[in-house]
Amino acid sequence: MSTLPHGQDAGDAALRWFTGVPLGTNPLILLDFVTLLAIAWVVSWGALIATQFVLGGYVDVSHYKGAAVVASYLSLVFIGFYCVICFVITRNRYAALYRCDRAAILCENMRCNPRALERRLLRFTAYPIEPVRDPIRSVERRVLWKDVTKARKIDDLRVVVLKGKRGTLMRVYCPDEEIYARALAFIAERTGVAAA
């Protein structure tokens with residue numbers, strides 16, 4: 001939980017914005033989900049084949065096909081859970097508050113019902129929302145500028161991906177072009193790394 005009230009900043013916060021982020025229709029989250037789903041399919045298929053070999057002592061073509069069918073059904077169950085969570089429970093949205101200061105960037109993901117400034121049925125990119133006053137729950141993540149070794153921009157989605165020695169540190173979602181440009185400039189100034 002953030003140590004600051006949602007309407008206040010630390011004195012050195014130079015850039016701050018709220019944004020709504022889609023879950024079920026976000027291309028980056030969907031890419032992560034499809035990757036995890038493919039890994040889960042291969043692992044479950046392999047586990048079923050290994051189990052058959054250990055318990056039965058042999059494996060033939062019917063076992064491979066059967067394991068593929070069971071792994072596919074498990075994948076369908078995961079897809080169903082994902083759709084229920086994204087479209088029924090969270091209604092395809094969550095809110096994030098980004099705060100950039102001299103030392104770090106903070107992202108506070110909030111469980112709430114963000115109110116979009118413009119009504120639209122489906123969204124694929126981050127969008128402007130009203131400031132969130134009382135979230136149900138929030139989780140804060142901090143990335144120090146000194147840990148950022150690379151920044152990758154995705155112009156079509158208005159996202160900056162901050163990377164470090166161990167991979168992706170944070171995805172910075174921007175609700176509009178103005179904040180996106182300011183965030184890119186601020187990140188380049190603080191890290192010395194221009195987003196490519």
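Trp 17 touches residues from several stretches of the chain in this predicted model. One group of its partners is Ala 96, Leu 97, Tyr 98 and Cys 100. Another is Val 172, Tyr 173, Cys 174 and Pro 175. Ile 179 and Ala 183 complete the list. Residues up to four places away in sequence are left out of this list.

Trp 17 also belongs to the largest nonpolar core, which has 38 residues. It is one of the residues with the most contacts inside that core. The others are Tyr 98, Ile 105, Leu 162, Val 172 and Tyr 173. Which helix gives this core its largest share? Helix 3, residues 177-191, does, with 6 residues. Apart from this core lies another, of 8 residues. Among them are Ala 95, Leu 97, Met 110 and Tyr 127.

Tyr 127 has a charged partner as well. The charged end of Arg 123 sits over the ring of Tyr 127, 4.2 Å from the ring centre.

Now turn to the aromatic rings. The model holds 5 aromatic pairs. One of them joins Trp 145 and Phe 186. Their ring centres are 5.9 Å apart. The planes stand at 55 degrees to each other, and the pair counts as tilted. Trp 145 lies in the loop between strand 4 (137-144) and strand 5, while Phe 186 lies in helix 3, so the pair ties together parts that are 41 residues apart in sequence. Are these two residues buried or exposed? Trp 145 is buried, with a relative accessible area of 4%. Phe 186 is buried too, at 12%. Elsewhere, Trp 41, Trp 45 and Tyr 64 form one aromatic cluster.

Charged side chains come next. The whole structure has 4 salt bridges. Start at Arg 99. Its side chain meets that of Glu 108 in a salt bridge, with 3.6 Å from N to O. Both of these residues are out of the open: Glu 108 is buried, with a relative accessible area of 1%, and Arg 99 is buried at 6%.

Arg 99 has a further partner in Glu 140. Here the distance from N to O is 3.0 Å. Glu 140 lies in strand 4 and Arg 99 in strand 2 (residues 94-100), so this salt bridge ties together parts that are 41 residues apart in sequence. Glu 140 counts as partly exposed, at 29% relative accessibility. Through shared partners, salt bridges join Arg 99, Glu 108 and Glu 140 into one network.

Another salt bridge links Arg 120 and Glu 118. Their closest N and O atoms are 2.6 Å apart. Glu 118 counts as partly exposed, at 44% relative accessibility.

The strands late in the chain are next. Strand 5 (residues 150-154) and strand 6 (residues 159-164) run antiparallel. How many bridges join them? There are 5. Within this pairing, Arg 152 stands opposite Val 161 in strand 6. The two strands form a hairpin with 4 residues between them.

Arg 158 sits in that loop between strand 5 and strand 6. It has a positive phi of about 55 degrees, although it is not a glycine. Arg 158 is also buried, with a relative accessible area of 13%; the cut-off for buried is under 20%.

Arg 91 gives a second case of a positive phi in a residue other than glycine. Its phi is near 55 degrees. Where is Arg 91 placed? It is in the loop between helix 2 (61-89) and strand 2.

Back at strand 6, the pairing continues on to strand 7 (residues 167-173). Strand 6 and strand 7 pair in the antiparallel sense over 6 bridges. They too form a hairpin, with 2 residues between them. Val 161 stands opposite Arg 171 in strand 7. Val 161 therefore faces a partner on each strand: Arg 152 in strand 5 and Arg 171 in strand 7.

Strand 7 leads back to the starting point. Val 172 and Tyr 173 lie within its residues 167-173, and both are among the contacts of Trp 17.

Terms used
Residues numbered from 1 in each chain as written. Predicted model: local features only at pLDDT ≥ 70, side-chain atom pairs only at ≥ 80, totals over all residues. Heavy atoms only, no water. Core = buried A, V, L, I, M, F, W, Y, C linked by side-chain atoms within 4.5 Å. Buried < 20%, exposed > 50% of the residue type's maximum accessible area, 1.4 Å probe, protein only. Contact = heavy atoms within 4.5 Å. Pairing = 2+ DSSP bridges. Phe/Tyr/Trp six-rings, centres within 6.5 Å; stacked < 30°, edge-to-face > 60°. Lys NZ or Arg CZ within 6 Å of the ring centre and 35° of its normal.
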